[in-house]
Amino acid sequence: MFSKELIAPCGMDCNVCSGYLALTHDLKKKGIRMSYCAGCRPRDKQCAFLKKQCEHLRKHSVNFCSECPKFPCQNLSSIDARYQKLFRMSLLENLGSITTDGMEKFLRAEEEKWRCPSCGGTICCHNGLCFVCDTSRLKKKKHLYRWDDE
Ligand SMILES: [Zn+2]
């Protein structure tokens with residue numbers, strides 16, 4: 001079950017992030033070197049993309065970027081474009097769904113979208129692989145944070 005605590009303020013779904021999946025599947029033990037992360041919101045980290053530039057996020061005056069008077073700001077729009085191009089996810093679309101349909105419906109749709117057809121686990125948005133079924137592919141993969149190597 002996807003957790004709402006793992007939906008970052010920007011709309012990123014950390015449930016499908018490589019850092020979160022690497023941590024929960026302990027990939028280092030399987031010989032795959034990927035960095036671990038417990039999720040943006042649980043860590044309350046300095047978001048490399050947004051937080052440095054955004055007072056609202058630093059001060060926690062918004063829970064989601066969609067609540068911001070400047071939404072969608074230029075920084076968020078740039079990351080969104082990057083995520084759409086490389087990682088098959090739109091942060092703005094995610095935030096839109098949460099606003100329109102509510103968090104629970106969004107989470108169930110995300111579980112559906114990213115479900116591994118083989119094991120029912122989770123496909124990673126950063127490379128399109130399942131961290132249960134595709135560990136041998138991950139080991140050989142040149143670009144761990146891209147869907148396609150070729
Ligand atoms: Zn799988």
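These are my notebook entries on a predicted model of one protein.

**Overall fold**

I began with the secondary structure, which comes to seven helices and zero strands. Read from the N terminus, the order of elements is α-α-α-α-α-α-α. Along the principal axes, the C-alpha trace spans about 45 × 30 × 30 Å. I then checked the radius of gyration: the protein has 15 Å, and a compact globule with 150 residues would be near 15 Å, so the two agree. Buried residues account for 33% of the 150 residues. I also looked at contacts with a separation of 6 or more, and 47% of them join residues 24 or more positions apart.

**Nonpolar core**

Which residues of the largest nonpolar core touch the most other members? They are Cys10, Cys14, Leu91 and Cys125, in a core of 33 residues. I listed the elements that give two or more residues to this core, and they are H1, helix H4 (74-87) and H5. H4 gives the most, with four residues. I noted the general background that nonpolar side chains tend to be buried together in soluble globular proteins.

**Cys125 and Phe87**

I followed Cys125 next. Setting aside neighbours within four places in sequence, Cys125 contacts Val16, Cys17, Phe87, Arg88, Met89 and Trp114. I picked Phe87 from that list; this residue is in helix H4. Is Phe87 buried or exposed? Phe87 has 21 other C-beta atoms within 10 Å, and 20 or more is the cut-off for buried, so I entered Phe87 as buried. Phe87 and Cys125 are 38 residues apart along the chain, and their C-alpha atoms are separated by 5.4 Å. Beyond four places in sequence, Phe87 touches Cys125 and His126.

**Helix H5**

I went through H5 (91-101) and found Leu91, Leu92, Asn94 and Leu95 buried. Seen down the axis, the buried residues of H5 fall within an arc of 160°, so they line one face of the helix. I wrote down the general rule beside this: an α-helix has 3.6 residues a turn, so residues three or four places apart point the same way. Thr100 and Asp101, on the other side of H5, are exposed. The cover over the buried residues of H5 includes H4 and H6. After H5 comes Gly102, with a positive phi near 95°.

**Helix H6 and its packing on H5**

In H6 (residues 103-113), I found Phe106, Leu107 and Glu110 buried. They lie on the same side of H6 because they cover an arc of only 100° around the axis. Glu104, Lys105 and Glu112 are exposed on the other side of H6. The cover over the buried residues of H6 includes helix H5.

How do the axes of H5 and H6 cross, and within what distance do they come? They come within 7 Å and cross at roughly 135°. That angle makes H5 oblique to H6. From H5 the contact uses Asn94, Ser97, Ile98 and Asp101, and from H6 it uses Met103, Lys105, Phe106 and Ala109. I noted that Asp101 is on this contact list and is also exposed. Phe106 is on the list too, and Phe106 is buried.

**Loop residues**

I looked up Tyr36, which is in the loop between helix H1 (18-24) and helix H2 (40-43). Tyr36 is partly exposed, because 15 other C-beta atoms lie within 10 Å. Not counting residues up to four places away in sequence, Tyr36 touches Gly19, Ala22 and Leu23. I also checked Tyr36 against Gln84: they are 48 residues apart in sequence and 23 Å apart in space, C-alpha to C-alpha.

Asp26 also lies in the loop between H1 and H2. Its phi is near 45°, a positive value in a residue other than glycine. Asp26 counts as exposed, because 11 C-beta neighbours are inside 10 Å.

Where is His60? His60 is in the loop between H3 and H4. His60 is not a glycine, but its phi is positive, about 60°. I entered His60 as exposed because it has 9 other C-beta atoms within 10 Å.

My last check was on Pro72, also placed in the loop between helix H3 (55-58) and H4. The peptide bond joining Phe71 and Pro72 is cis, with omega about -10°.

Notes. Residues are numbered from 1 along each chain as its sequence is written. This is a predicted model: local features need pLDDT of at least 70, side-chain atom pairs count only at pLDDT 80 or more; totals for chains, interfaces and linings use all residues. A residue is buried if 20 or more other C-beta atoms lie within 10 Å of its own, exposed if 12 or fewer, and partly exposed in between; C-beta atoms are placed from the backbone. The arc is that of the directions from the helix axis to the C-beta atoms. Two residues are in contact if their C-beta atoms, placed from the backbone, lie within 7 Å. The radius of gyration is taken over C-alpha atoms; the globule rule is 2.2 Å times the number of residues to the power 0.38. A nonpolar core is a set of buried Ala, Val, Leu, Ile, Met, Phe, Trp, Tyr and Cys residues joined through C-beta atoms within 7 Å. Axes are lines fitted to C-alpha atoms, for helices over the stretch in contact, and angles run from 0 to 180 degrees between N-to-C directions. Angles under 35 degrees count as roughly parallel, over 145 as roughly antiparallel, 65 to 115 as roughly perpendicular and the rest as oblique.
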